[in-house]
Amino acid sequence: MVVSTEPVPFANSILSNAYLTALFGAVAVLAIYHFWFQSLRYVKLASKIPGPTPLPVVGNIFIALGLSPNAFMKRAYELFKQYKTDVAKAYAGPYLYTLLANPNDVELILGSQQHLEKSWEYRLFEPWLGDGLLISKGERWRSHRKMIAPTFHSSILKSFFPVFNKNANRLLEKLEKEKGKLFDCHDYMSGATVDTLLETAMGVEKTDKDNTGFAYAKAVMDMCNILHIRHYKVWLRPEFIFKWTKMAGIQSSLLNLIHSLTREVIKRKKIDYYERVSKGEQSLYKEAVKEEEKALKNKNTENYKYIHDDLEDIEENDIGEKKRLAFLDFMIEASQTSGNKLSDEDIKEEVDTIMFEGHDTTAAASSFVLCLLGVHKNIQKECIKELKEIYHDNWERPITFADTLQMKYLERVIMETLRLYPPVPIIARKVHQDVKLVSADYTIPAGTSVVVSQYVTHRHPQFWKEPEVFNPDNFLPENCANRHYYSYFPFSAGPRSCVGRKYAMLKLKVILASVLRKFEITSPQVEADFQLQSDIILKRTDGFKIRIQDRIMA
Ligand code: HEM
């Protein structure tokens, strides 16, 4: 049989008519959508705000298309500079995001009691952190924060010093094998941070053979990567799409690992608690609450004056050291006390939140400090000068709380590191009321998301002299005195600031001073070589590479 390959004019014209109709139909639907979209109140208000032109339906998501996480970071920062504005907008589909760089505007969001709700992307954390402190809202957030924040105050932090020192020494032992080699210090800092958190905040001691810290830290890092990919590849955000990807299977095994550690930790602590009760030991919870209330009446401020938040409303010396409980003990006792409705699941969510927030942030911060000290040898020398003044000939003695108060230069190095390389590079909130900006005549419409970026504001040329230069003297008291308060917020600021910032600063000082006393650090790279990744936690995609050798004391 011969099959004709001749075109069939009639069928063709039907097809082309069908194509044309479909095309016109699609254009008409898009046009109607476009005009409807433009008529929406929030879109009209936002139309005045500068930003890249959005395409119908998809908005500006093409900015992220085909970009790797570190290229995305670079591109976002370049766009902000290119528009030379303190306010910029972008659409992910129909969702409006307004980015604020000016501290006066940042203050309107972070300093307010109204805009406390996190933007909806934080919900991607839900399978992991549940409704823990980082993402919870309303009365639940308020009551849990009131309970958790005081468990990270100086009176209890001081009692953590033996554990801080023990884990710092373990880290030094592990680092021995890297002497002379070029290696990535992040895994080491991460493992040490998890072990310290487990032992301090959770009260769970680790055995020498136990590799839990490392496995857990690795699972947390992998989870962060998945969440980050879903943040910027917005089409992967909906659960019904994500669940068909390979990543969903990986996420599920990572969460199994993370959650089983959390459940194990809580189980162990509960057994301890019941043993204490069976021995007739009294619950310290009620007494601690009473002390807390008394302390709250005595408002005072101290130390870290560069951050405004509710933690400063508590005078720590008012709280008897013996009556203070570390985080997890406190949560367990509170759950057993009538009047509290803390379930095991509530405790698990808060434990997961503290383990995530307290670990990856501090590990990134300490790794950045080590790299920067490797690059800036003169600044490393200054740190050593200060440490010599504190330790004289007793170079190996354990680091005390009093020592950390004298580490003023190291504190400035840490703060400057957190300025240029803030571990949490952005924060997003959902606003339920219109926000009239201070820096320009724009109004952010209610019901949309606002993004403030530590990375961008910390480099704002109007508020920082030579903003791209690493200079710890930026934090000399005289240089801080007249700087806008919200030009620096590595720990966020206002009512929803980081509850663990004092813990973080103390831990960073102990771990960094320990490494510096033992090793001299060098880096083969300069800062311009750092490849930054706009992950949930800011990282270097090229690795935190340093070289160490025994420090020879002159
Ligand atoms: C260098 C270390 C750290 C940095 C830079 C940092 C930074 C931050 C930032 C920016 C936020 C606000 C996040 C947002 O609103 O999206 C935050 C919140 C939080 N941080 Fe930290 N953090 C650090 C260490 C810690 C530690 C050590 C802990 C606990 C042990 C901790 C516990 C928390 C918690 C529970 C929240 C949620 C607070 C709330 O929403 O009420 N952080 N942190």
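**Helix 15, helix 21 and a small sheet**

Student: Which residue is the bridge partner of E520 in strand 11?
Tutor: Keep in mind that this is a predicted model. E520 falls within strand 8, which covers 519-522, and strand 8 is joined to strand 11 (residues 545-550) by four bridges. In strand 11, E520 has as its bridge partner Q549.

Student: What is the order of the strands in the open sheet of three?
Tutor: Start at the edges: strand 3 (182-184) and strand 8 each pair on one side only. Strand 8 runs antiparallel to strand 11, and the pairing in the sheet is antiparallel. Reading across, the order is 3-11-8.

Student: Which helix packs on that sheet?
Tutor: Look for one touching both strand 8 and strand 11. Its direction makes about 75° with that of strand 8. That's helix 15.

Student: How is helix 15 placed against helix 21: parallel, perpendicular or oblique?
Tutor: Helix 15 (residues 344-375) and helix 21 (residues 501-518) have axes 10 Å apart, and they pack at an angle of about 40°. Angles under 35 degrees would count as roughly parallel, and 65 to 115 as roughly perpendicular. So helix 15 is, relative to helix 21, oblique.

Student: How many residues in the contact of helix 15 with helix 21 are nonpolar?
Tutor: Helix 15 brings T361, T362, A365, S366, V369 and L370, while helix 21 brings A504, K507, L508, I511, L512 and V515. Three of these residues are polar and one is charged. The nonpolar ones number eight.

Conventions
Residues are numbered from 1 along each chain as its sequence is written. This is a predicted model: local features need pLDDT of at least 70, side-chain atom pairs count only at pLDDT 80 or more; totals for chains, interfaces and linings use all residues. Axes are lines fitted to C-alpha atoms, for helices over the stretch in contact, and angles run from 0 to 180 degrees between N-to-C directions. Helices (H or I, at least four residues) and strands (E, at least two) are DSSP runs, numbered from the N terminus. Angles under 35 degrees count as roughly parallel, over 145 as roughly antiparallel, 65 to 115 as roughly perpendicular and the rest as oblique. Two residues are in contact if their C-beta atoms, placed from the backbone, lie within 7 Å. Ala, Val, Leu, Ile, Met, Phe, Trp, Tyr, Cys and Pro count as nonpolar, Asp, Glu, Lys and Arg as charged, and the others, Gly among them, as polar. Two strands pair if DSSP finds at least two bridges between them.
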